[in-house]
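Reader: I'd like a close look at one part of this model rather than a tour of the whole thing. Could you pick a sheet and walk me through how its strands pair up?

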Amino acid sequence: MSLASIVSALPSDEIWGPATTTDALVDGVPYAPYSKGDKLGRMADWTSEGKDREGRGGRQQYNRNYRDQQVYGAGTSSLFAVQVAEDESSFSVVDNTRTSTKTRGFGRGGVTFRGRGRGGRDQRGGRGGATFQRVGGRGGQQGYYDQRGGRGGRGRRFGWKDYDKPQRNRDSSVTIKPDWQMLEEIDFNRLAKLNLETSAGEDIDSYGFLYYYDRSYDKAPIKNTERKLNVVDRVAYNVTTSSDPIIQELAEKDEATIFATDNILSMLMCANRSVYSWDIVITRHGNRIYLDKREGSSLDMVSVNENAADAPLEASEGNKDAINFPGALALEATFINHNFANQTVMESETSKFELPHENPFYNPAEETEPLASKAYKYRRFDLSLEKDEDPLHLIVRTEIDAVMKNNVSGEDQFLTVKALNEFDAKAQGSGGALDWRTKLTSQRGAVMATEMKNNGCKLARWTTQSILAKADIMKLGFVSRASPKSNDRHVVLGVMGYDPRKFAEQMGLNLANGWGIVRTIVDMCRSMEEGKYVLVKDPNKTLLRLYKVPMSTFEDVEEDGEVDGGEGEDGE
């Protein structure tokens, strides 16, 4: 091509360059220019579907291999976006302050724990040929505790991988059988609104004896010295309601309509504070209602950090310390409470406080170990309403652990003795507890506040039991492991005494709400036909379920337990 032909092909007007056009289509497709800052990647990337979708917790996820690559045209505003008027509702303030991001994760899974010890299911003969469940002494970590799951991460920073993890699934305290019929489902929000004012109750009769409390435990420990927790072999009983011979006599005399023990009744009254699953067996015979517990029930165990935001984990959730599993901690706490109550009294046959009647469960012909300091007070409460034609009374068997002289008046004061235990302040599941060895003396209030947060249900039950028994003082011991890695040696760091009624006010514990819960459950059973029912706390939800079960339910288990207990004694 010659130069003359090229010049002749140029446009004749003054505009230089390609001809301008208003057509925005290229072969019928809208044309969108791109910015010089755009990076040209793949035309179609089928491996990056995770880039554009919303990730866990609403955060956008990116493939780390293509994190810096941009989609074609990303640097240019969309030419096809619809322009809308400014909306003030979309305005937001950006907070640039740094906030803590530490919290917990979640997990699932669990393991069943069965404790074995001397007298794992110790059944001893007693009055009227009945068999009574005995609280363990040496090796008293008996029965079993089945609480699965828990909360918590592993002490690491809360990151994007912790989003959308499933909440921990616990197993029910009792297996729900196919032939069980669910009758009622009660949410905790409904329970919290119940209220029933009752009187302080009246004493019907008292049994057993009490030793005097050793006041030396109230003193602050001497520096660089620790008082060891000893194993004290003493016989104590925790007999269920329907097996109690005194309650059977009172029922025959029509002294009340409802019968229970303080251990069972306190769990029902504090139901809306519980996290772990539990169950109560309710039997209706005619007009009488008995609140019972199963053989090996979790009601006999003392939970540890049940209400903590970061509760102890199971092995399946990454907990490598077998002694810090929830079941192992419950067995340890139960063992500590039994021995602590026996160690803090001064055993003297000449100065003990005798009740009007002897212990109804003790049989000297069969027992080889001496009785523990324990008094059983049978007390009656009036749960009647104005609309009731007949009065509705409840009889509960309460327990007192020791007696103490008043410093001013010299009168005898009844005590309940309990123990809080520390396993490892730095371990997972400690719930942010302070180190008791360094903080108990100087920051008792902070230590107690942390325990109220982590063990709210346990402390509420102990307080309720003390008020039901009309105890004057509730002694709380602080027991820690001698070594965090060993759960068989413990030391007593201190003891604090509280008025149960004032302590209930500090915890926000409302007994009128507890009585309202009891009356509600009883009214449900009274409106139904005679038979056996089971009230179960859902393991993963804040609600109770009431089931109707066959009359033979749990009887085979109890018979097997008696056989197993007999074999265990022969084996010793």
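Author: What follows goes through one sheet from its edge inwards, then turns to a loop residue and a pair of helices.

Keep in mind that this is a predicted model. The sheet is an open one with 10 strands, and its pairing is mixed. Reading across, the order is 7-24-23-13-14-12-18-17-8-16. Strand 7 (181-187) and strand 16 (353-354) are the edges, each pairing on one side only.

Let's start at the strand 16 edge. Its partner there is strand 8 (residues 202-210), and the two run antiparallel, joined over 2 bridges. If you want a spot to click on, take Leu210, whose bridge partner in strand 16 is Phe353.

Step across strand 8 and you reach strand 17, again in the antiparallel sense, this time over 7 bridges. Here Ser206 has Lys377 of strand 17 as its bridge partner.

Strand 17 (residues 374-382) deserves a pause. Of its 9 residues, 8 are buried, so the strand is largely enclosed by the rest of the structure. Going on in the sheet order, strand 17 is joined by 8 bridges to strand 18 (residues 393-400), and these two are antiparallel as well. Within that pairing, Arg379 stands opposite Val396 of strand 18.

Now jump to the other edge. Leading into strand 7 is a loop that comes from strand 6 (144-145), and Ile176 sits in that loop. Its relative accessibility is 36%, so Ile176 counts as partly exposed. Leaving aside residues up to four places away in sequence, Ile176 touches Val536 and Tyr547. Tyr547 is 371 residues away along the chain, yet the C-alpha atoms of Ile176 and Tyr547 are separated by 9.0 Å.

Last, a look away from the strands, at helix packing. Two packed helices are described by the angle between their axes and the distance between those axes. For helix 5 (residues 262-269) and helix 9 (residues 456-468), the axes come within 9 Å and cross at roughly 125°. Helix 5 and helix 9 are therefore oblique to each other, and their crossing is right-handed. On the helix 5 side, the contact is made by Asp262, Asn263, Leu265, Ser266, Met267 and Met269. Helix 9 brings Cys457, Arg461, Thr464, Gln465 and Leu468 to that contact. Sorted by class, the contact of helix 5 with helix 9 comes out as 5 nonpolar, 4 polar and 2 charged residues.

Technical notes: Residues are numbered from 1 along each chain as its sequence is written. This is a predicted model: local features need pLDDT of at least 70, side-chain atom pairs count only at pLDDT 80 or more; totals for chains, interfaces and linings use all residues. Side-chain values use heavy atoms; hydrogens and water are left out. Axes are lines fitted to C-alpha atoms, for helices over the stretch in contact, and angles run from 0 to 180 degrees between N-to-C directions. Helices (H or I, at least four residues) and strands (E, at least two) are DSSP runs, numbered from the N terminus. Angles under 35 degrees count as roughly parallel, over 145 as roughly antiparallel, 65 to 115 as roughly perpendicular and the rest as oblique. A crossing is left-handed if the near helix is turned anticlockwise from the far one by less than a right angle, and right-handed if clockwise. Contact means heavy atoms within 4.5 Å. Ala, Val, Leu, Ile, Met, Phe, Trp, Tyr, Cys and Pro count as nonpolar, Asp, Glu, Lys and Arg as charged, and the others, Gly among them, as polar. Two strands pair if DSSP finds at least two bridges between them. Buried means under 20% relative accessible area, exposed over 50%, partly exposed in between (1.4 Å probe, protein chains only).
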